[in-house]
Amino acid sequence: MRLTILGGGGFRVPLVYQALLSDRGEGRITSVVLYDTDRGRLASIAAVLRQQAAPYSDAPVVTETTDLDEALRGADFVFSAIRVGGLEGRTIDERVALDLGVLGQETVGAGGIAYALRTLPVAVGIAQRIAELAPEAWVINFTNPAGMVTEAMIPYLGDRVIGICDSPSGLGRRAALALGLDASTVFYDYAGLNHLGWLRGLQSDGVDRLPELLADPAALGDFEEGRLFGVEWLRSLGSIPNEYLHYYYFARETLAAVQAVEQTRGTFLLEQQSAFYAETARQPADALELWQKTRAERESTYMVESRAVADAGERDERDMSAGGYEQVALSLMRAIAHNERASLILNVRNRGTLRHLDDDAVVEIPCTVDANGARPLTVTQFTDHQAGLVCAVKAVERSTIEAALTGSRAAAVRALAWHPLIDSVTAAHQLLDGYVARLPALAPFRA
């Protein structure tokens, strides 16, 4: 089988390839095509992959191309992880917002909207090419903002495009392990949007073990989300939020923490990864070692400002282990390719699962996956609080999609003004003007 990776020069591609190398089952991926618009990045990542493959006699064959059509033809699976505008764009997303006193996180709030406005037209163009050249391929979308991008691609690809994220499964796994449960046997009653969801139950042997976890301060303090949100707040909610809800529940504190540091997360990653690619170009023989060193630093500093606000300390090794989005992607591909039924938390059409949202709204919920694709499972309905926040942000997502695909300034301003972390029409205009001035891709939104 052939897997095409869009954004094949991306820093995290070796994680996907390592997962493929670890897959020893029948009918494995045998060919990997890396597509990217940057030849230098492609060469660096290809060097890492070659060194990863060295101990294996049957490693998937890797080829590289800058031709999208060539990459898509013959693909069985397409993994999309592109970053339109690069990390340079992310630094602008963050800085314009922070200069106006608004949080500019990569996928949340103003930063996420700016990122989506320049990404969605490209993602839709890719979807159209896939529909033309590889209509039978399954598309696994990890391009952020993942929920919005998946929803924008569905009109062209239908249910053959599925969005993934490792945050929900990571949360569920950490919560299960805090109770000493076998995470592989637990059903996670989780629902929301991408980067905006809650774990509302941990079903093990027919019993919901979440109340037990919420009643145990020591167990709650044993994993990342428990330390981030605190025992009292989690008990008040009666659920465990996705880590990205820290930006909503502790918005003022997080904004102050981000404003207090010398560089934003995007700036840190830009400098770090620029150094990695430059050094790998000079020393390709050391590519894997350089990548491993850079990745370790990247993972240990993830959401560092939020952890500082919560006084959560450094990331626990257990919080970073057991695989991330690459394992979700591999499980999804195997379930579809081999009709091996699996239960995964994915970004798919709602199809009546959550009554507060229409059938076509892309939501993040547990699904059964087999050769026919992903089908949502029954989950607990939203509380009033959860429904209110989800519906508000879904309106933002849809206005953002409208703006990106039509060039409507009014829709873009609406999306910004409606977001709970902005909540100002004046600020929305200022944010959009700031992004237009610094991001050429957003020129159509000029006043």
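A crossover is right-handed if, with the strands pointing away from the viewer, the path from the first strand over the helix to the second runs clockwise. Keep that view in mind for the first stop.

This is a predicted model, in which local features need pLDDT of at least 70, side-chain atom pairs count only at pLDDT 80 or more, and totals for chains, interfaces and linings use all residues. Residues are numbered from 1 along each chain as its sequence is written, and side-chain values use heavy atoms, with hydrogens and water left out.

**The β-α-β unit.** Select strand 1, helix 1 (residues 13-22) and strand 2: together they form a right-handed β-α-β unit. Helices (H or I, at least four residues) and strands (E, at least two) are DSSP runs, numbered from the N terminus.

**Strand 1.** Now select residues 2-6 alone. Four of these five residues are buried (under 20% relative accessible area, 1.4 Å probe, protein chains only).

**Its partners.** Two strands pair if DSSP finds at least two bridges between them. Add residues 31-35, strand 2: five bridges join this strand to strand 1, in parallel. Find Arg2; its bridge partner is Ser31. Next add strand 4 (residues 77-80), also parallel to strand 1, over four bridges. Here Thr4 faces Val78.

**The helix pair.** Select helix 1 and helix 2 (residues 39-53). Their axes (lines fitted to C-alpha atoms over the stretch in contact) lie 10 Å apart, at an angle of about 25°. The two helices are therefore roughly parallel (angles under 35 degrees). Finally, show side chains: Tyr17 and Leu21 are among the helix 1 residues that meet a helix 2 set including Ile45 and Leu49 (contact means heavy atoms within 4.5 Å).

Conventions:
Buried < 20%, exposed > 50% of the residue type's maximum accessible area, 1.4 Å probe, protein only. Axes fitted to C-alpha atoms, helices over the stretch in contact; angles between N-to-C directions. Parallel < 35°, antiparallel > 145°, perpendicular 65-115°, else oblique.
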